[in-house]
Amino acid sequence: MTLEEKVFAAFKDAFDLEDGIDRASLVYREFPEWNSIGHMTLVAALETQFDAMLEANEILAMSSFDKAVEIMAKYDEH
Amino acid sequence: MNTDLSGRVALVTGASRGIGFAIARRLLEAGATVVLNARQIDASIVDQLAGPAPDRVFVQAGDMSDPEDARQLVRAVFARHKRLDALINNAGIMRAAMIGMISDEDMRATLDLNLAGPIHLIQAAARLMARSGGSIVNVASVVGMEGAAGQLVYAASKAGVIGATRAAAKELAPKGVRVNAVAPGYIETDMTARLGDEVKAQSLKAIGLGRAGTPEDVADAVLFLCSDMSRYITGQVLRVDGGMVI
Ligand SMILES: NC(=O)c1ccc[n+]([C@@H]2O[C@H](COP(=O)([O-])OP(=O)(O)OC[C@H]3O[C@@H](n4cnc5c(N)ncnc54)[C@H](OP(=O)(O)O)[C@@H]3O)[C@@H](O)[C@H]2O)c1
């Protein structure tokens, strides 16, 4: 899996998404399920997917799908 | 159902002596892998504790009044064990002072360790614990429930811990993480030894069961709250005070 696919797998898991969804629509507080509770679900899914523990500043900075990919790059071993 | 904790990982702060040390020993006896923290702690404690199970004892020094040390402690647990089933926020200090004599430094040190410390650890540990479900036990104090003259800041810090316990219990219940507190009364440790004989005599008179508590008295209550025996209990404060009236 590429980095982007791994991040998307976590998003799918957290928000129950279809494969074809427009990834640009995945924005914190704009995408309906991505509220503050959904945010913690997403972080947990990303941590499981990447077997990592995120820092508080990374959690706060994760405002869109693209931003999540950028942040998770650091934890991508493959 | 019993108190077997085999295969589970527990983290105890302030575990080099007193109540924290007794908690670590109980959890170890119950089969858990235990990570012990304090500011000054080294591998020699493994010899004192481990007996037949040195492979289940780990030591990680750190100052829990420093948010970065608190996060680093949880990161170390994650790196080594990949899971955390029980977090015991035990590290704490008590600096008695009458209201007019509370220094800014005493206030800061007490709130940073006793109140902000557990909050930082809960924040860092919650998601890791949610992976397997788990139990958080905060060591509060009867003084945080009742107040005591000369202990304004300490009482405020422990009352704060009780509030944090109840809030975290609500937020983490859907994740299968239970959060409770114990509120010890007068327990014989270095902390109370410093209070002197007069305070001790007075405290003893106030204890219904007629004796001071031991660290093991508290550790047994913590073991109960960490184990599946308490699987349906969350958001509670369990007094371990021998029926003390303050
Ligand atoms: N004894 C009582 O009667 C009583 C009653 C009610 C509640 N409590 C609570 O029970 C808890 C334990 O008390 P105790 O009587 O066992 O105290 P203690 O004998 O003084 O032991 C305190 C422990 O905390 C550690 N510690 C202190 N500052 C720390 C820091 N900044 N970061 C990490 N660890 C730190 C100490 O090791 P280092 O100094 O090496 O860091 C030691 O291991 C405290 O939260 C206390 O408020 C005690």
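How many residues does the contact take from chain A, and how many from chain B? Select both chains to begin; the model on screen is a predicted one. The contact takes 12 residues from chain A and 8 residues from chain B.

**Stop 1: the contact between the chains**

Keep chain A and chain B in view. Together they bury about 910 Å², and 49% of that area lies on carbon and sulfur atoms. Now select Asp51(A), Met53(A) and Glu55(A). These residues supply 55% of the area that chain A buries against chain B, more than any other three residues.

**Stop 2: charges and polar pairs**

Next, select Asp51(A) again, this time with Arg131(B). Their side chains meet in a salt bridge, at 3.9 Å from N to O. The count of salt bridges between chain A and chain B is 4. Across the interface there are also 5 residue pairs in polar contact, counting pairs with both residues at pLDDT 80 or more.

Which helix of chain A gives the most to the side that touches chain B? Select residues 36-50 of chain A: this is helix α2, and 6 residues of that side come from it. Colour the whole side of chain A that touches chain B by residue type, and the division is 7 nonpolar, 2 polar and 3 charged.

**Stop 3: the ligand**

Move to the ligand and show what lies around it. It is surrounded by 30 residues, and the closest are Ser16(B), Asp63(B), Asn90(B), Tyr154(B) and Thr189(B).

Select Arg39(B) and look for a polar side-chain atom 2.8 Å from an oxygen atom of the ligand. Lys158(B) also has a polar side-chain atom by a ligand oxygen, here at 2.9 Å. At Ile187(B), show the backbone: a polar backbone atom is 2.8 Å from an oxygen atom of the ligand.

Is the ligand mostly buried or exposed? Taken alone it exposes 890 Å², and the protein buries 96% of that.

**Stop 4: the shell around the ligand**

Select α1 (18-29), α6 (152-172) and α7 (190-193) of chain B, the elements that give two or more residues to the shell. The largest share, 3 residues, comes from α7(B). Coloured by type, the shell divides into 13 nonpolar, 12 polar and 5 charged residues.

Terms used
Residues are numbered from 1 along each chain as its sequence is written. Chains are lettered from A and ligands numbered from 1 in the order in which they are written. This is a predicted model: local features need pLDDT of at least 70, side-chain atom pairs count only at pLDDT 80 or more; totals for chains, interfaces and linings use all residues. Side-chain values use heavy atoms; hydrogens and water are left out. Contact means heavy atoms within 4.5 Å. Buried area is the accessible area (1.4 Å probe) that two parts lose on being put together, summed over both. A polar contact is a pair of N or O atoms within 3.5 Å; within protein, one must be able to donate a hydrogen and the other to accept it, and residues adjacent in sequence count only if both atoms are side-chain atoms. Helices (H or I, at least four residues) and strands (E, at least two) are DSSP runs, numbered from the N terminus. Ala, Val, Leu, Ile, Met, Phe, Trp, Tyr, Cys and Pro count as nonpolar, Asp, Glu, Lys and Arg as charged, and the others, Gly among them, as polar. A residue is near a molecule or strand if one of its heavy atoms lies within 4 Å of it. Accessible areas come from the Shrake-Rupley method with a 1.4 Å probe; for residues, only the protein chains shown count as cover.
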